[in-house]
Amino acid sequence: MPRTTVRVLITALATGLLAATPLPAAAQVPDRPSPAHLTTGSRPCDPATPTQVRVSPTLRATLTDPDGDRVSAQFEVSWLPEGSGTPSRLRLETSAKSSGSEFSWTVPDTVPEGAASWRVRAKDAEGYGPWSDSAQQGRCLYAKDVHPPAAPQVTSPDLPLDGADPVDALGRYASFTFASSSPDVTAYTYRFAYGKQVTLRPEEPGQPVTVRLTPPEPGTVALEVQAFDAVGNSSVPTHHTIRVASAAGPVARWKLDEPAGSPRAEEAAGGPYAWAERGVTFGADAPTGTSLTSAATVDGSYGAGLRAETTPA
């Protein structure tokens with residue numbers, strides 16, 4: 001075989017071998033973190049409205065790499081110091097984990113209260129991937145508030161608070177208004193003595209609330225009221241006492257055992273009548289286990305009931 005032919009054959013074989021062997025793919029940097037996989041505390045990343053917190057939040061991010069390489073996280077938080085036009089920033093590098101792992105960082109308390117923003121990026125052996133706020137995604141925002149609201153003022157036009165004399169309050173639903181001078185109050189709680197705590201919310205932050213209450217028992221009854229802001233900071237409680245007189249005896253009572261067709265009920269002790277309004281029918285079967293021979297029924301419609309005459313003086 002001529003030498004020239006051998007040389008051409010060797011060249012062709014080498015070219016074919018190179019063509020059959022794929023070149024290694026170029027390594028890629030980690031993916032840009034998705035805003036859907038970022039949280040501030042327990043809340044999703046919000047690049048428009050700051051997440052309200054009362055303690056330094058824990059930032060979390062799930063990071064991935066297209067090559068499946070191990071990655072580490074670099075967090076960055078930024079804020080504008082009071083009286084300064086230049087933002088300050090603080091960064092943290094984490095140790096590496098498998099692609100798809102969650103990374104977290106609790107922001108140090110050295111970052112002052114107020115508005116702040118944060119972002120994160122992943123790093124592998126090839127370098128850093130893009131920041132989470134790249135491609136016009138925006139940074140995650142939060143605002144730290146550690147100041148409790150002012151204690152609420154409690155007023156009532158119906159009952160004296162902290163009065164010296166007992167008042168007839170049992171069964172009377174008196175009006176109470178709770179108001180705080182803090183504009184960020186979003187809730188009030190109240191309770192009598194050691195009873196159940198009840199929460200009321202104003203229509204708008206900073207507005208007062210009005211509720212109708214009746215003391216649970218006679219004697220000196222304590223009322224406790226607190227104000228809360230949106231992040232859970234609570235005011236010192238406001239305390240008042242109400243001196244509640246013992247319940248008076250009944251003014252009148254009716255057995256309601258009149259026969260069917262009666263227009264009114266006779267007072268059991270010989271006092272005023274109770275006239276039947278619409279929705280009331282006499283002559284129904286008496287309750288089991290009583291000495292009554294009949295009873296009255298009320299159909300529950302609007303205005304149904306009995307109307308008593310004024311008790312004679």
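Three strands make up an open sheet in this predicted model. Their order is β18-β19-β22, and the pairing is antiparallel. At the edges sit β18 (264–265) and β22 (306–308), each of which pairs on one side only.

Let's look at one of those pairings in more detail. Strand β19 (residues 274–276) and β18 run antiparallel to each other, joined over two bridges. Within this region, A265 stands opposite A274 of β19.

Now to the cysteines. How many disulfides does the structure hold? There is one, formed by C45 and C140, with 2.1 Å between their sulfur atoms. The two cysteines come from distant parts of the chain, 95 residues apart. C45 lies in the loop between β2 (43–44) and β3 (51–53), while C140 belongs to strand β10 (residues 140–144).

What is the handedness of the disulfide between C45 and C140? The torsion about its S-S bond is about -105°, so this disulfide is left-handed.

Are these two cysteines buried or exposed? The table gives the relative accessible area of each partner along with its place in the chain.

| Cysteine | Location | Relative accessible area |
|---|---|---|
| C45 | loop between β2 (43–44) and β3 (51–53) | 14% |
| C140 | strand β10 (residues 140–144) | 1% |

Buried means under 20% relative accessible area. C45, at 14%, is therefore buried, and C140, at 1%, counts as buried too.

Definitions and conventions:
Residues numbered from 1 in each chain as written. Predicted model: local features only at pLDDT ≥ 70, side-chain atom pairs only at ≥ 80, totals over all residues. Heavy atoms only, no water. Disulfide = S-S within 2.5 Å. Helix = DSSP H or I, 4+ residues; strand = E, 2+ residues; numbered from the N terminus. Buried < 20%, exposed > 50% of the residue type's maximum accessible area, 1.4 Å probe, protein only. Pairing = 2+ DSSP bridges.
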